[in-house]
Amino acid sequence: MFPPLSMMLVKLGGSVITEKGSYRTLRADALSRLAQEIKASGAAVMIVHGAGSYGHIVAARHQLQKGYSNPSQIKGAAQVMEDVRALNLEVVSRLNRAGVASVSLPPSAVAELSGGALSGLDLDRFGRYNDLGIVPVTFGDVALDSKRKFGICSGDQLMESLAERFRPERIIFVTDVDGVFTADPHSDPRASLIENVDRAALDALPRSQRNADVTGSIFGKIEVMMRIASHGGDAVAINGLAPGRLEAALRGQRVIGSKVVGGAE
């Protein structure tokens with residue numbers, strides 16, 4: 001068992017740090033600013049980031065989330081692992097340049113799946129780096145699967161495992177919009193911000209919102225967010241493209257966003 005750690009758990013969404021529709025396209029300015037905000041906040045953090053356009057496009061093409069089915073997937077799996085490491089290097093490099101000493105912990109080396117579920121994660125390694133004052137940074141990746149040979153280990157799965165073990169003081173989901181909406185705010189002008197995300201709010205979402213990528217539908221993501229929130233203190237979803245919001249959230253200040261209430265079944 002690990003003693004409780006005084007830290008914040010931050011999920012940098014792939015939509016914030018990459019252009020999700022353009023293969024291997026980094027939002028370099030946004031990523032550098034977010035790293036600087038983490039440094040300025042003075043908070044101790046663990047970081048998980050999404051794969052965005054470095055992972056989803058190729059993974060979806062080869063259906064890697066379903067596990068091994070034919071030899072043609074091997075090249076795709078290797079390409080995704082190369083691509084997400086390139087993104088992770090950008091994240092870690094910008095954190096280090098901002099003065100946030102960081103280390104990469106790739107799921108392909110520290111995690112294992114079983115039928116698509118995260119069945120093992122070297123949590124001791126995360127805790128030991130945290131104790132040294134070095135920020136562990138992990139990310140959505142391809143990982144070995146005991147039943148399917150390989151699969152996608154998502155950032156949300158990693159967030160849940162880290163939150164359950166380390167019980168962070170605050171959990172922050174950094175997205176490219178102001179929080180969780182009733183519809184996609186990029187395409188629906190009637191979409192409204194849900195200030196408190198709970199079971200009732202989830203059940204009220206229209207069924208048309210069930211659009212899936214390789215890591216699951218928006219419903220699945222909210223379910224996971226609520227489970228993650230049940231393992232920590234305050235949990236919020238904020239807009240990382242709005243300067244200053246991540247720093248303010250790390251400082252415990254009130255910001256525009258959605259409060260995520262734990263308790264999903």
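**Exercise 1. Decide whether E37 is buried or exposed in this predicted model, then do the matching check for its salt-bridge partner, R33.**

Solution.
- Step 1: Look up E37, which has a relative accessibility of 5%.
- Step 2: Recall that buried means under 20%. E37 therefore counts as buried.
- Step 3: Now take R33, with a relative accessible area of 18%. That value is under the 20% cut-off, so R33 is buried as well.
- Step 4: Check how the two side chains meet: R33 and E37 form a salt bridge at 2.8 Å, N to O.
- Step 5: Place the pair on the chain. Both residues lie in helix 2 (residues 28-41), four residues apart, which is about one turn of the helix.

**Exercise 2. Work out which helices the salt bridge between R227 and E160 links, and how each residue is classed.**

Solution.
- Step 1: Start with the contact itself. The side chains of R227 and E160 meet at 2.8 Å, N to O.
- Step 2: Find the helices: R227 sits in helix 9 (residues 218-229) and E160 in helix 7 (residues 155-166). With their positions 67 residues apart, this pair links distant parts of the chain.
- Step 3: Class each residue. E160 has 19% relative accessibility, so it counts as buried. R227, at 26%, is partly exposed.

**Exercise 3. Find how E19 and R27 are classed, then look at the wider set of salt bridges.**

Solution.
- Step 1: E19 and R27 meet through their side chains in a salt bridge of 3.6 Å, N to O.
- Step 2: E19 has a relative accessible area of 33%, so it is partly exposed. R27 is partly exposed too, with 21%.
- Step 3: Step back to the whole structure, where the count comes to 14 salt bridges.
- Step 4: Some salt bridges join up: R199, D203 and E223 are linked in a network.

**Exercise 4. Say what kind of aromatic pair Y68 and F150 make, and where its two rings sit.**

Solution.
- Step 1: The structure holds one aromatic pair.
- Step 2: The ring centres of Y68 and F150 are 6.1 Å apart and the planes stand at 90 degrees, so the pair is edge-to-face.
- Step 3: Y68 is in the loop between helix 3 (56-62) and helix 4 (72-98), while F150 belongs to strand 8 (residues 149-153). The two are 82 residues apart, so this pair links distant parts of the chain.
- Step 4: Finish with accessibility: Y68 is partly exposed at 31%, whereas F150 is buried at 7%.

Terms used
Residues are numbered from 1 along each chain as its sequence is written. This is a predicted model: local features need pLDDT of at least 70, side-chain atom pairs count only at pLDDT 80 or more; totals for chains, interfaces and linings use all residues. Side-chain values use heavy atoms; hydrogens and water are left out. A salt bridge is a side-chain nitrogen of Lys or Arg within 4 Å of a carboxyl oxygen of Asp or Glu. Buried means under 20% relative accessible area, exposed over 50%, partly exposed in between (1.4 Å probe, protein chains only). Rings of Phe, Tyr and Trp (its six-membered ring) pair if their centres lie within 6.5 Å; planes under 30 degrees apart count as stacked, over 60 as edge-to-face and the rest as tilted.
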